[in-house]
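Hello,

Here is the structure I promised to pass on to you. Please open it alongside this email, and then read on for what turned up in it.

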Amino acid sequence: MESLRMIENWPVDTAAAAVVRADGTTAGTHGPAGHRFPLASVTKPLAAYAALVAVEEGAVELDEPAGPAGSTVRHLLAHTSGLAFDEHRAMAEPGTRRLYSNAGFDVLGDHIAKATDIPFADYLREAVLEPLGMTATDLPGSPAKDGVSTVSDLVRFAAELQAPQLLSPETVAEATSVAFPGLTGILPGYGHQRPNDWGLGFEIRDGKSPHWTGASSSPRTYGHFGQSGTFLWVDPAAGAACVALTDRAFGPWAIEVWPALTDAVLAELS
């Protein structure tokens, strides 16, 4: 895809990107697809997927208690547990505000590890990474932010999201639809959003502005970006997903170039 060549002009040392169609075929790749990048918060969708496998296996339930008093697995996945960003401290009653929380994903990982008697990184590998052939991906630390992967591996995950094999389509549809509608909150890097819609581990684009996807992205677009200069989105209306990984921390440069790439990709697909 010609649009992916835009990453050559990004102010980064190393970048790789790919577009994956809904049928699982790769529409295009550019850059070193096998280069391993820190994912930062693009780790969260992978961790969430493992959590949802645990739900379907019966190891945990979405509405069982987890985290602070009154919080559930569902609250942790949807950033509505009330936990602070990086502290195990309750800032709000569960279900009342969208407080983006790394701590919540750490609690989630611990909860699943205890329920399955398997360290969370091992559970992620066995439940998601190995079945999808994501051999270059691992989780050496926090399920919120410490994943390492390649564009080639995330292409496999993007294909899975669009045509699920590890989860039922109904579970993926629920995870990528708004949980706890109407809640306001801050989208990191983009300020206060009313509403600040999320699914279960996936951010939902809806009508958010400003946003890291494109002006032409459909409201149903979902995914995640990471502070290490990474993103993955799936646009069901376009029937495609896009992954971009870089080695430069998120900042004004990304706010400028990411939406332009997304709009160019969507234009080329259409």
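Below are some notes on the aromatic rings. Please keep in mind that this is a predicted model.

A pair of aromatic rings is described by the distance of the centres and the angle of the planes. In this model the count comes to 14 aromatic pairs. A good one to start with is Phe 225 and Phe 250, a tilted pair with 4.8 Å from centre to centre and 35 degrees between the planes. Phe 225 belongs to strand β8 (residues 222-226), while Phe 250 is in the loop between β10 (240-246) and α7 (252-269), so this pair ties together parts that are 25 residues apart in sequence. Phe 225 counts as buried because its relative accessibility is 7%, under the 20% cut-off. Phe 250 is buried as well, with a relative accessible area of 12%.

Next, have a look at Phe 231 and Trp 258. Their ring centres are 5.1 Å apart and their planes stand at 70 degrees, so the pair is edge-to-face. Phe 231 sits in strand β9 (residues 230-235) and Trp 258 in helix α7, so here parts that are 27 residues apart in sequence are tied together. Both Phe 231 and Trp 258 are buried.

How do these residues fit into a wider group? Phe 225, Phe 250, Phe 231 and Trp 258 are among the members of one aromatic cluster, which also includes Trp 10, Tyr 190, Trp 212 and Trp 253.

One last thing to look up is a charge over a ring: Lys 44 lies over the face of Phe 105, at 5.9 Å from the ring centre.

Enjoy exploring!

Best wishes

Methods
Residues numbered from 1 in each chain as written. Predicted model: local features only at pLDDT ≥ 70, side-chain atom pairs only at ≥ 80, totals over all residues. Heavy atoms only, no water. Phe/Tyr/Trp six-rings, centres within 6.5 Å; stacked < 30°, edge-to-face > 60°. Helix = DSSP H or I, 4+ residues; strand = E, 2+ residues; numbered from the N terminus. Buried < 20%, exposed > 50% of the residue type's maximum accessible area, 1.4 Å probe, protein only. Lys NZ or Arg CZ within 6 Å of the ring centre and 35° of its normal.
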